[in-house]
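Student: I should like to learn how to read the features of a structure in a systematic way. May we work through one example together?

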Amino acid sequence: MTTPTAEMSPLFKARMGGACWLMCFITSIFPLVVSARLVVPGDAATTATNLLANEGLFLSGTALLLISTAFYVGATLFVYEVLKPVNRSLSLLAAFFSLVGCAVGALSCLFDFAPFVLLKGAPYLSVFTLEQLQALAYMFLVVRAQANNIGLVFFGLHCFGVGYLIFRSTFMPRIVGVLMMFAGVGWLTFLFPPLANSLAPFNMIPGGIGELSLTLWLLVKGVNVQRWREQETGAGTRRDPVPLNT
Amino acid sequence: MTPPMDNPGTRHLAIEPVQRTAAKTVGFLYLFAMAISIFGESVRGRLILPHDAVQTASSIAASEALFRLSIVGDLIIYVCDIILFWGLYVILKRVNKDIALLAAFFRLVETAILGVTTLTAFIALRLLSGADYLRAVDIAQLQALARGFLSIYGIGLSVGFVFLGLGSAVFSYLWLKSRYVPRGLAWLGIFGSLLMAIMSLVTMVFPVVWDRVGMAYLMPMGLYEVGLGLWLLVKGLKAPSLTS
C-alpha cells in the first residue's frame, strides 16, 4: 500500500537535526586525533614515515571525515526544515552555504590520498629523490588544511544564518541563537588566515559552544511544537497579497 | 500544486503532467550520462597506463583532443546531473518532500566534488604542456607529477561516489515508496547505491580491495541507472493502483 504525501512532525525533524549534528561531531574526533598524531608540523620526512607506517589508520580517518560530512548534510536538511517557518528563503540560503562548505570539506579529503600516491614507491616516481617526494607529499597535507579552512568559512555563514533564524524564532530560546551567531563569527575568522592563525585555537571555542548548545537543545528539548505551528501559519499569511482598496 | 494531504486514509495521488515530463527527462538523462561516462572511462583507460608516466605522457600528447573531450564529457555529465536531480525531486517530492530534498542535497555535494576533481586532469595537462616556465623542472619529473595527478582524478571520483551512492539510495527509497516504477528496480537501486557508497569508502581505506574487485562493485548501480532510465523513457510513470 502507498502512503499519501508525508509530513514529518517538527519535533521529529528537530531530533533528527540534533542527532545528525551530534554524529557529525563524534565522527570527526577520530580523524582530528589521528592527523594530529601522524602529521608533524614542518617535518616532511617524519610525517612521511608516520603516514606509510599507519596508512590504514590515516585513511580510516579520511573515510570517517566523509561520513561526518554526510551527517552534516543531513543536519543541514533537518535544521532547514525546523527553521523554515521563521523565514523560508533565509533558511534555504543558510542551507546552500552549508552545502558549499560540505563539498569543499569533502574535497579537502582528496588531498589525504595524494601523499600515498607519491610515497608508495610507484616505479615512475623514481625520477624524484626521496626528499623531493616527501616534501611534495607534505605540501599536499598543507593544501588539505587550507582547503578545509575555506570550507569553514562557508560553515561560518551557515552557523550565523541558523543563529539569526533561531534568534528570530518564537519556538527556540534566543540564547541558542546568539551562541550560534558567535559560532558563525568564530568560523568566519578563517576568511583571513593570518587572523585565524593568531587567534587559534580560541577562535574555535565559540563554534564548539554554539554548535554543542544547539545540538543538545535540539536533541533534548526539540522545539515548542505549538509555537512552531503558529509561526508556520503566521509566515503563511504574511505572504498573502495585501488588498489595496480596503 | 495540491496541498499536502493530512488525511492518512487517502490513497495515492494521481500523477501530474509535470511529473510525466520530468520522468521522460530523467530517463533520457540517465541514458545520455551513462553513454558519455562509458566513453570517458574507455578513453582514459586507453590513454592512462597504470605504472608508466612516460608512456602516459606520450599517449596523451598524441591524442590530446580526445583526452580533453573525455574530461569535458565528464563536466557535461555533471551539468546534466543537476537537471536530473531536479527532475527526480519534482517527481518524488510528492512522496516525501523533506526526504526528496535530502537526496538532492547529497547529490549536489557529489556534483561539486566531481566537478572540481576534473581540475586534476587539467593540472596534468598543464604540467605536460611544455610551457617555457616549466623548463626549470626535469621533463621526467613533470611526466611523473602529471601521472600522479591522474591517479588523484580516480580517487576524486571515489570521494564523489560516496555522496552519489547516499543520494541515490535515498531517491531509490522514495521510488520504492512511490510505486511509480517496479519495486524490483527500486530495490536494485537501494542495493546498488549503498554498495557504491560503502565500497567507495572501503577501497579508500583498503586499496588492496580495489586491486581485487576493480570496478565490479559499480555494476549493480550501472544496471539500475540504465534500467530506470529505459523504464522511465519507454514506460513512464505507473499510477499506483489502489488494490496493489
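Student: Among contacts in chain B between residues at least 6 apart in sequence, what percentage join residues at least 24 apart?

Tutor: Please keep in mind that this is a predicted model. In chain B, 79% of the contacts between residues at least 6 apart in sequence join residues at least 24 apart. In chain A, the corresponding figure is 76%.

Student: What does the secondary structure of each chain come to?

Tutor: Chain A has ten helices and zero strands, and chain B has eight helices and zero strands. Read from the N terminus on, the elements of chain B run α-α-α-α-α-α-α-α.

Student: How is the extent of each chain described, and how many of the residues are buried?

Tutor: Along the principal axes, the C-alpha atoms of chain A fill a box of roughly 80 × 50 × 35 Å. For chain B, the box is roughly 75 × 35 × 30 Å. Of the 246 residues in chain A, 48% are buried, while 43% of the 244 residues of chain B count as buried.

Student: Which residues touch the most other members of the largest nonpolar core?

Tutor: The general idea comes first. In soluble globular proteins, nonpolar side chains tend to be buried together. Here, the largest nonpolar core has 145 residues, and those touching the most other members are A:Ala106, B:Phe105, B:Val109 and B:Ala146. Helix α5 of chain B, residues 139–178, gives the most to this core, namely 21 residues. As for B:Ala146, its contacts beyond four places in sequence are B:Ala53, B:Ala57, B:Ala124, B:Leu127 and B:Leu128.

Student: At what angle do the axes of α2(B) and α5(B) cross?

Tutor: Two packed helices are described by the angle between their axes and the distance between the axes. Helix α2 of chain B covers residues 53–62, and its axis comes within 8 Å of that of α5(B), with a crossing angle of roughly 80 degrees. The two helices are therefore roughly perpendicular to each other. On the α2(B) side the contact involves B:Ala53, B:Val54, B:Thr56 and B:Ala57, which meet B:Gln143, B:Ala144, B:Ala146, B:Arg147 and B:Leu150 in α5(B). By class, the residues of this contact are six nonpolar, two polar and one charged.

Student: How many residues does the contact between the chains take from chain B and from chain A?

Tutor: In general, the size of an interface is often given as the accessible area lost when the parts come together. Here, a count of residues is available instead: 42 from chain B and 36 from chain A. On the side of chain B that touches chain A, α4 (97–127), α5 and α6 (183–205) each supply at least two residues. Helix α5(B) has the largest share of that side, with 14 residues. The side consists of 26 nonpolar, eight polar and eight charged residues.

Student: Which residues of helix α2 of chain A are buried?

Tutor: An α-helix has 3.6 residues a turn, so residues three or four places apart point the same way. In α2 of chain A, residues 44–53, the buried residues are A:Ala44, A:Thr47, A:Ala48 and A:Leu51. They cover an arc of only 100 degrees around the axis, which puts them on the same side of α2(A). The buried residues of this helix pack against α1 (10–38), α3 (55–83), α5 (110–119) and α6 (130–168) of chain A.

Student: Is A:Leu219 buried or partly exposed, and what does A:Leu219 touch?

Tutor: A:Leu219 is found in helix α9 of chain A. Because A:Leu219 has 16 C-beta neighbours inside 10 Å, it counts as partly exposed. Beyond residues up to four places away in sequence, A:Leu219 touches A:Arg15, A:Gly18, A:Ala19 and A:Leu22. The C-alpha atoms of A:Leu219 and A:Arg15 are 4.9 Å apart, although the two residues are 204 residues apart in sequence.

Student: Which peptide bond is cis, and which residue has a positive phi although it is not a glycine?

Tutor: The bond from A:Ala200 to A:Pro201 is cis, with omega near 0 degrees. A:Pro201 is placed in the loop between α8 (193–199) and α9 (205–220) of chain A. The positive phi, about 65 degrees, belongs to B:Arg179. B:Arg179 lies in the loop between α5 and α6 of chain B, and with 19 C-beta neighbours inside 10 Å, B:Arg179 counts as partly exposed.

Methods: Residues numbered from 1 in each chain as written. Chains lettered and ligands numbered in written order. Predicted model: local features only at pLDDT ≥ 70, side-chain atom pairs only at ≥ 80, totals over all residues. Helix = DSSP H or I, 4+ residues; strand = E, 2+ residues; numbered from the N terminus. Buried ≥ 20, exposed ≤ 12 C-beta atoms within 10 Å, placed from the backbone. Contact = placed C-beta atoms within 7 Å. Core = buried A, V, L, I, M, F, W, Y, C linked by C-beta atoms within 7 Å. Axes fitted to C-alpha atoms, helices over the stretch in contact; angles between N-to-C directions. Parallel < 35°, antiparallel > 145°, perpendicular 65-115°, else oblique. Nonpolar A, V, L, I, M, F, W, Y, C, P; charged D, E, K, R; others polar. Arc of directions from axis to C-beta.
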